[in-house]
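I opened this model to see how its helices pack, where its pockets lie and which backbone angles stand out. My entries follow in the order I looked things up.

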Amino acid sequence: KQLPASAFSFNQPEGACPACSGLGYELRCDPEKLITNPAKPLPDGAMDGTKTGRFYGDKNGRYMAILAAAGRKEGFYFNQPFVSLPDAAKRIALFGLPGKKLAVDWHFKRKNRTGMHSFTGEWPGLVNLITDEYFRKIETGRNIKLNPLMSKYTCRQCQGRRYRGDILAVTLDGYSIDQLLAMQVEELHEYVSQINIDKLDEGAAAAFSEIREQCRLLKRVGLGYLTFDRLTETLSGGEMQRTGLAVQGLSDMEGLLCVLDEPGRALHPK
């Protein structure tokens, strides 16, 4: 199978893991952020630390009614402190009861209004309900209100490797693309410098030549210890400045005057 060069970038749809879009992580509701008072029952204050938690934990609302029905089906009751629930009951509350259809009728109460509601379907769990709500509201920007309840988790499909499975299956001397990116710049530079590019086709030779040059420039500004899979947000101010210098191509800057804004604030003395 012939793969385009773009397939070897986790920033491109051709190469990115479809589950996490090449990020290596998934955003999901974090149970520890949702259950703000585990000493209380779920329908009686366990989630009252956030507005979203209060909404889902309303004892007169649909979600607690469906959760109660799911619990009864498995022999669990949620009118006791969350912390004292059996692990199996906690799993049902947070992650649902898949494959089991429930028929639920409950009395609702909103201010002065009361009535009866019915529901037929599966209980998806509080974590999945809030995660789905977060992604449903992205288009309108209303997902921001749910940010305090979300956390990053390693992607379950690619295990944090960012690429599609068929891209990870391609190896060079036994190294997959994510393993090469996990090498320190200095180590990768040494490795690619040993490859005889004269024996490669034009496209591969150009690619390895570019990798060598980028590694050399990063080493020149003192970043030989970085890895190419490092998230930009984890770089320090000085590392960001020096990465910017390397990207500009220091080898081609003779006769050019660079004015660095507040270099002493972030740049290494070198």
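What sign does phi take at G96, just after helix 4? I found a positive phi of about 95 degrees there. The model is a predicted one, and I read each value below as computed from it.

**Entry: helix 4**

I listed the buried residues of helix 4, which are A89, I92, A93 and L94. I then looked up what covers these buried residues, and the list includes helix 1, helix 3 and helix 5.

**Entry: helix 3**

I checked the length of helix 3 next. It has 13 residues and spans 19 Å from its first C-alpha to its last. The expected value at 1.5 Å a residue is 18 Å, so by the definition of expected span I count the two as close.

Its buried residues are Y63, M64, A65, I66, L67, A69, A70 and G71. I noted that they pack against helix 2, helix 4, helix 5, strand 2 and strand 3 (113-121). G75 comes just after helix 3 and has a positive phi of about 85 degrees.

**Entry: helix 5**

For helix 5 (residues 126-136), I recorded L126, V127, L129, I130, T131, E133 and Y134 as buried. Among the elements covering them I found helix 1 (31-34), helix 2 (51-56), helix 3 (62-74) and helix 4 (87-95). Strand 1 (25-29) and strand 4 (150-154) are also included in that cover.

**Entry: nonpolar cores**

How many residues does the largest nonpolar core have? I read 37, with L42 and W123 having the most contacts inside it. Helix 3, helix 4, helix 5 and strand 2 (102-110) each supply at least two residues of this core. Helix 3 gives the most, with seven residues.

I followed L42 further, leaving out residues up to four places away in sequence. L42 touches I35, M47, G57, M64, L67, F78, F82, A93 and L126. Of these, M64 and L67 are on my buried list for helix 3, A93 is on the one for helix 4, and L126 is on the one for helix 5.

I also found another core apart from the largest one. This other core has 17 residues, among them I195, L218, L223 and L235.

**Entry: largest pocket**

I looked up the largest pocket and noted a volume of about 1500 Å³. Its lining has 49 residues, and F8, Y163, I177, L181 and I211 lie nearest the centre. By class, I recorded 30 nonpolar, 11 polar and eight charged residues in this lining.

Which element gives the most to the lining of the largest pocket? Helix 9 does, with nine residues. Among the elements that each supply at least two residues, I listed helix 7 (177-181), helix 8 (185-193), helix 9 (202-220) and helix 10 (237-248). Strand 5 (171-172) and strand 6 (175-176) are also among them.

**Entry: second largest pocket**

The second largest pocket holds about 320 Å³ of space. Its lining, as I wrote it down, is T50, K51, T52, R54, F55, E133, K137, R142, K145, L146, P148 and L149. Helix 2 gives the most to this lining, with four residues. I noted six charged, four nonpolar and two polar residues by class. E133 in this lining is also one of the buried residues of helix 5.

**Entry: positive phi outside glycine**

Most residues other than glycine have a negative phi, so I looked for exceptions.

S21 has a positive phi of about 60 degrees and is not a glycine. I placed S21 in the segment before strand 1. Is S21 buried or exposed? I call it exposed because its relative accessible area is 55%, and the cut-off for exposed is over 50%.

R162 is not a glycine either, and its phi is positive, near 80 degrees. I located R162 in the loop between strand 4 and helix 6 (165-168). R162 is buried, because its relative accessible area is 10% and buried means under 20%.

**Entry: C258**

Where is C258 placed? I found it in the loop between helix 10 and helix 11 (263-266). Its relative accessible area is 38%, so I entered C258 as partly exposed. I also took one distance: the C-alpha atoms of C258 and G141 are separated by 40 Å, and the two residues are 117 residues apart along the chain.

Note on methods:
Residues are numbered from 1 along each chain as its sequence is written. This is a predicted model: local features need pLDDT of at least 70, side-chain atom pairs count only at pLDDT 80 or more; totals for chains, interfaces and linings use all residues. Side-chain values use heavy atoms; hydrogens and water are left out. Buried means under 20% relative accessible area, exposed over 50%, partly exposed in between (1.4 Å probe, protein chains only). Contact means heavy atoms within 4.5 Å. A nonpolar core is a set of buried Ala, Val, Leu, Ile, Met, Phe, Trp, Tyr and Cys residues joined through side-chain atoms within 4.5 Å. On a 1 Å grid over the protein atoms alone, a cavity is a set of points where a 1.4 Å probe fits but cannot get out, and a pocket is an open set with protein on both sides within 12 Å along at least five of seven lines; lining residues have an atom within 4 Å of a point. Grid points are joined across faces, edges and corners, and a volume is the space filled by probe spheres set on the points. Ala, Val, Leu, Ile, Met, Phe, Trp, Tyr, Cys and Pro count as nonpolar, Asp, Glu, Lys and Arg as charged, and the others, Gly among them, as polar.
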